[in-house]
Amino acid sequence: WLGLSDMGHEGRWVWGHSVTESPYTAWAPGHPNADPHNTDDCAFMSVSDEFLWRDVDCYKKANAAPICQMDVGLDTTTTTPQPTSPPVPEVAVRLPTATRKSWNIGPGRVDAIDFTSTENIIIRGISMVGYSGSHTHNGQIQLRETSSGSTIASERFQYTSNGSLDYFDHVFSSPGNVTAGVKYTITLEYDETGTIYYGSGSHANTPVECNGGTVNFHFNESPDDSNGSNETTGQIPRILFSC
């Protein structure tokens with residue numbers, strides 16, 4: 001059954017879903033029944049009629065399942081959702097200059113720095129330094145609330161240095177929320193025993209523009225450090241964040 005009927009008014013073929021007359025018809029020869037007193041009130045389509053229409057008795061002869069109707073011009077285009085990129089982080093520079101002098105790293109040598117922020121922010125990662133030649137570096141980064149020691153973010157890292165003095169960014173897969181005025185500690189520990197470059201030229205107080213305002217960072221030497229990083233030199237030269 002097509003969903004088309006003239007049961008309400010003989011000769012007026014109306015769609016059941018919209019109660020409007022059909023602007024299109026495809027009747028088989030001899031149909032629809034022109035007898036004004038006929039009971040053939042349902043439009044029916046079958047393969048035997050080469051899919052042309054015939055009108056039949058709705059309750060006796062239309063032994064068929066209904067056919068779904070689709071609006072002409074309906075946009076059936078499927079739109080594939082596009083992945084959204086995380087916002088580009090702002091950068092708080094603690095140590096603006098990398099130096100080619102060597103800094104010892106390895107298991108048990110923990111570089112750490114404490115900081116506070118004047119605004120509630122999201123810590124998205126840190127920057128690290130490289131070394132001469134091509135080297136792949138692995139290790140662990142942690143962000144903790146200093147007084148309680150509770151871990152805000154903890155993540156493995158891997159990057160390949162290329163002999164340049166560039167900083168290498170690691171963006172956390174799960175960023176950490178930081179509350180204004182609360183002290184936090186970032187620690188960095190490498191898996192391999194060896195040497196890398198380090199940063200210098202301390203900016204103990206660092207203002208950064210973010211979303212039309214200013215976020216002020218204050219960096220301090222951390223008691224969790226066991227490798228010599230302090231306010232003026234060492235590792236963790238930059239913090240990546242967003243407001």
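This passage looks at a small sheet and at two residues in strands of a predicted model.

We may begin with the sheet. Three strands make up an open sheet, arranged in the order β6-β13-β16, and their pairing is antiparallel. The edges are taken by β6 (97-105) and β16 (233-234), each of which pairs on one side only. Strand β13, spanning residues 194-200, is joined to β16 by two bridges, and these two strands run antiparallel. One residue pair can be picked out here: glycine 199 has glycine 234, in β16, as its bridge partner. In general, the strands of a sheet pair through backbone hydrogen bonds, in either a parallel or an antiparallel manner.

Serine 161 belongs to strand β10, which covers residues 151-161. With a relative accessibility of 1%, serine 161 counts as buried, because the cut-off for that class is under 20%. From its side chain, serine 161 reaches the backbone nitrogen of tyrosine 131 at 3.4 Å. Tyr131 also appears among the contacts of serine 161 when neighbours within four places in sequence are left aside; the others are Gly130, Gly133, Ser134, His135, His137 and Phe168.

Threonine 187 offers a second buried position, this time in strand β12 (residues 184-190). Its relative accessibility is 7%, and threonine 187 therefore counts as buried. Setting aside neighbours within four places in sequence, threonine 187 is in contact with Val110, Asp111 and Ala112, as well as with Gln140, Ile141, Gln142 and Arg144.

Technical notes
Residues are numbered from 1 along each chain as its sequence is written. This is a predicted model: local features need pLDDT of at least 70, side-chain atom pairs count only at pLDDT 80 or more; totals for chains, interfaces and linings use all residues. Side-chain values use heavy atoms; hydrogens and water are left out. Helices (H or I, at least four residues) and strands (E, at least two) are DSSP runs, numbered from the N terminus. Buried means under 20% relative accessible area, exposed over 50%, partly exposed in between (1.4 Å probe, protein chains only). Contact means heavy atoms within 4.5 Å. A polar contact is a pair of N or O atoms within 3.5 Å; within protein, one must be able to donate a hydrogen and the other to accept it, and residues adjacent in sequence count only if both atoms are side-chain atoms. Two strands pair if DSSP finds at least two bridges between them.
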